[in-house]
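Colleague: Could you take me through a single part of this model in detail, namely the salt bridges, with the cut-offs stated as you go?

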Amino acid sequence: MSGAESQPKHGLSRAATRKRKRLYIVLAGMTMLGIAVALVLTAFQDNIVFFYTPSDLAEKQVGPEQRVRLGGLVEDGSVRKIDDGVTTQFVITDYIDTVDVSYTGILPDLFREGQGVIAEGRMLPDGSLQATEVLAKHDENYMPKEVAEKIKESGRWQEDGSGG
Amino acid sequence: MMHRFANPTRFMRVANAILPWCAGLTVLFLAAGLYLGLFRSPADYQQGETVRIMYIHVPSAYMAMFIYAAMAVSSAMALIWKHPLADMIARASAPIGACFTFVTLLTGSLWGQPMWGTWWVWDARLTSVLILFFVYIGYIALVNAFDDPARGAKPAAILALVGAVNLPIIKFSVDWWNTLHQPASVVTMEGPKIDPAMLWPLAFMAVGFNLYYISVGILRLRGEIAAARIRNLQLGLTHG
């Protein structure tokens, strides 16, 4: 309110009060909106996740014939081609639980052992997954091949357990 | 300071002076970024040459969110302090932001097909960016729906603020939920997870896109101010 000497004090303070009031309304509105959205997103948590991990699946007791999306890492040494030449069997793991997966079709280029993948399909009565679609995840690290090899040689390579 | 530049005429005098510099630097930075990104940067150890889509995709996604944030701040200033210029900045920015969002979705789709094995999935990151695109479109439709643009300013500003809730959701979607999209690579707690040889072209592209936004923004702002003057003149003619 400094520098208001030349102007009628009441008029200026009223204008300033209106501005302050609008500022509070905007701040309060944004806060309430933020809380509302946070509550909605928390309530729909289960529907927003794109896939379940093998341990989620064990926890949720998903029955046979139910469609699920399962994400995790392809377990090392688990990939096998069946004799028909187009069916692949592998194990998806999150280092806590594992699920056997069988998929008939063409796998994405990035599919390999140790890679994060998402398999979508039907649960079979034996607890394995009959996948109709397999997607590959890639992680957040970007580097040239030579750098990746050097890191692997030095033994500092870390696989991300989240499958990401 | 803020009030000094809230005067459109004074603001445009400064803006017009920096416009040629911004435009020239845009060309330089984008040329350097594209050359470094497409010819001089290495292929990725996992993704091979496909990684070069990143040099368009990531800066576009950053601009899509940056421009929306700028729009939301301008809208808040227009609502609270009634700066006519703040309203015009929000209005002028929207189509540019919508274009960057569209480029993000398009390049992401083209990248997802070879790498993930799908053009599109409804995971939290992809869906929240699609919502951002729809909010942009809704905002543009709303500001153009009124015969007297001054009447549309307030509802449009409120819509821009409501849509701003989506920004943290987009940024943290990959951390809060399981998604097909990988977690953040550039802005993370542990620093960038991109090799310097790839980070440099990315930085050039991001600066180039920012300068592009400023250049096109000034041009669009010029149009907004001219349109407002024409409206005032017409009002003067009919009422005077």
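Salt bridges in detail

Modeller: Arg67(A), Arg69(A) and Glu120(A) are linked in a network of salt bridges, where a salt bridge is a side-chain nitrogen of Lys or Arg within 4 Å of a carboxyl oxygen of Asp or Glu. This is a predicted model, in which local features need pLDDT of at least 70 and side-chain atom pairs count only at pLDDT 80 or more, whereas totals for chains, interfaces and linings use all residues. Residues are numbered from 1 along each chain as its sequence is written, chains are lettered from A and ligands numbered from 1 in the order in which they are written, and side-chain values use heavy atoms, with hydrogens and water left out.

Within the network, Arg67(A) pairs with Glu120(A), the closest N and O atoms being 3.6 Å apart. This pair links distant parts of the chain, since Arg67(A) lies in strand E1 (residues 67–74) of chain A and Glu120(A) in strand E5 (residues 116–123) of chain A, 53 residues apart; strands (E, at least two residues) and helices (H or I, at least four) are DSSP runs, numbered from the N terminus. Glu120(A) also forms a salt bridge with Arg69(A), at 3.5 Å from N to O, and this pair again joins strand E5 of chain A to strand E1 of chain A, across 51 residues.

As for exposure, buried means under 20% relative accessible area, exposed over 50%, and partly exposed in between, with a 1.4 Å probe and protein chains only. Arg67(A) counts as partly exposed, at 49% relative accessibility, as does Arg69(A), at 29%, and Glu120(A) is also partly exposed, at 22%.

Another salt bridge is formed by Lys193(B) and Glu140(A), with 3.3 Å from N to O. This pair crosses between chains, from the loop between H6 and H7 of chain B, which holds Lys193(B), to the loop between E6 and helix H4 (145–153) of chain A, which holds Glu140(A). Lys193(B) is partly exposed, with 22% relative accessibility, whereas Glu140(A) is buried, with a relative accessible area of 7%.

To place these pairs in context, the structure holds eight salt bridges over all chains. The secondary structure of chain A comes to four helices and six strands, which run α-α-α-β-β-β-β-β-β-α from the N terminus on, and of the 164 residues of chain A, 35% count as buried.
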